[in-house]
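Work through these short exercises with the structure in view. Each task is followed by its solution.

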Amino acid sequence: TSQFFDWNAYLKETSSEAAPAFCFKQYEEPPENKFEPGMKLETIDPRNSTSTCVATVIHKVGPRLRLRLDGGDNKNDFWRLVDSSEISVVGTVMEKGGLLQPPLGFRSNASCWPQFLQKTLNNARMAEPFLFVPEPPTPPENFFKPGQKLEAIDRKNPHLICAATIGKVEDDDIFISFDGWKGAFDYNCKYYSRDIFPVGWCQKSGHLLQPPGHKIAAGKNKTRIQGGPVMLPCGSPVHNSNMIVQTSSAPTSPQVTLIEADTSTIIPKLETRQVCVYVNSECNCGPFLNPNK
Ligand code: MLZ
């Protein structure tokens with residue numbers, strides 16, 4: 001089970017405790033996900049909460065579904081749990097006397113919507129009612145305490161669930177801070193948010209958990225290396241949009257340390273990890289590095 005983040009060791013290392021499961025609006029056992037890519041369902045348009053739209057399952061990970069609104073674009077996919085109250089069988093809104101609406105940014109003229117809808121639903125594979133799991137109960141009050149650890153969706157990268165800590169707790173609100181990321185991804189939410197999970201949820205549900213980040217202050221040599229050194233051919237462009245490269249100041253050894261690389265966008269399902277890159281000082285460093293450093 002070495003593929004899983006060792007929460008026990010981390011809790012010890014940080015002398016902290018996990019937020020107890022009863023704090024969360026999640027089932028103790030993550031629900032089964034029997035949806036399949038291609039199936040259609042009804043959901044609230046996340047960018048326009050007054051519209052109920054048709055969506056297609058694009059992908060599934062553990063109890064989560066990646067959804068795309070029919071008639072919309074492919075840049076606004078979003079994720080829902082199989083036990084979300086925001087998804088239902090196609091036909092639900094009509095039963096209640098409502099209508100299926102075009103998504104915000106519907107790709108053609110609004111007058112084409114009825115035709116588009118008919119076409120998208122014709123011969124579609126509908127997600128059957130038994131696939132939808134009722135929403136778990138809401139805990140009676142906010143039981144979270146500052147300092148407790150949890151697993152939380154990174155709302156800027158919603159495919160990721162990461163190690164996090166409860167910050168300020170006030171009334172129904174809690175502050176979620178992501179371990180090792182210097183506040184860049186932190187947010188406030190309700191204690192009954194569906195975006196937060198107890199420690200161990202990812203492992204139980206077969207979802208990847210992002211371990212704490214290791215942002216390193218510039219100029220300090222505090223790199224914690226998870227992966228082994230990677231040898232690159234001389235002059236390799238060790239720079240792309242997913243990497244931050246830091247050169248060491250020692251003039252005799254132009255060592256380059258790649259302090260952060262999100263491999264998830266290059267190789268899906270790999271964790272964000274740190275890699276150390278050594279550049280041969282005898283040769284040309286390529287177009288992306290300053291040879292005088
Ligand atoms: N590669 C991205 C993702 C970071 C994810 C952090 N999650 C708390 C970045 O470095 O910005």
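**Exercise 1. Find the order of the strands in the open sheet of five.**

Solution. The order is 4-3-2-1-5, with antiparallel pairing. Strand 4 (78-81) and strand 5 (87-88) are the edges; each has a single partner strand, so one side of each lacks a neighbour in the sheet. Strands are DSSP runs of E, at least two residues long, numbered from the N terminus. Two strands pair if DSSP finds at least two bridges between them.

This is a predicted model: local features need pLDDT of at least 70, side-chain atom pairs count only at pLDDT 80 or more, and totals for chains, interfaces and linings use all residues. Residues are numbered from 1 along each chain as its sequence is written, and side-chain values use heavy atoms, without hydrogens and water.

**Exercise 2. Describe how strand 2 and strand 3 pair.**

Solution. Take strand 2 (residues 48-61) and strand 3 (residues 64-69): six bridges link them in the antiparallel sense. Ala-55 lies opposite Leu-69 of strand 3.

**Exercise 3. Place Thr-165 and decide whether it is buried or exposed.**

Solution. Start with the strand: Thr-165 belongs to strand 7 (residues 161-170). Next, the cover: Thr-165 has a relative accessible area of 13%. Buried means under 20%, exposed over 50%, partly exposed in between (1.4 Å probe, protein chains only). So Thr-165 is buried. Then the partner: Lys-149 stands opposite Thr-165. Last, the side chain of Thr-165 makes a polar contact with that of Asp-179, at 2.6 Å. A polar contact is a pair of N or O atoms within 3.5 Å; within protein, one must be able to donate a hydrogen and the other to accept it, and residues adjacent in sequence count only if both atoms are side-chain atoms.

Definitions and conventions: Helix = DSSP H or I, 4+ residues; strand = E, 2+ residues; numbered from the N terminus.
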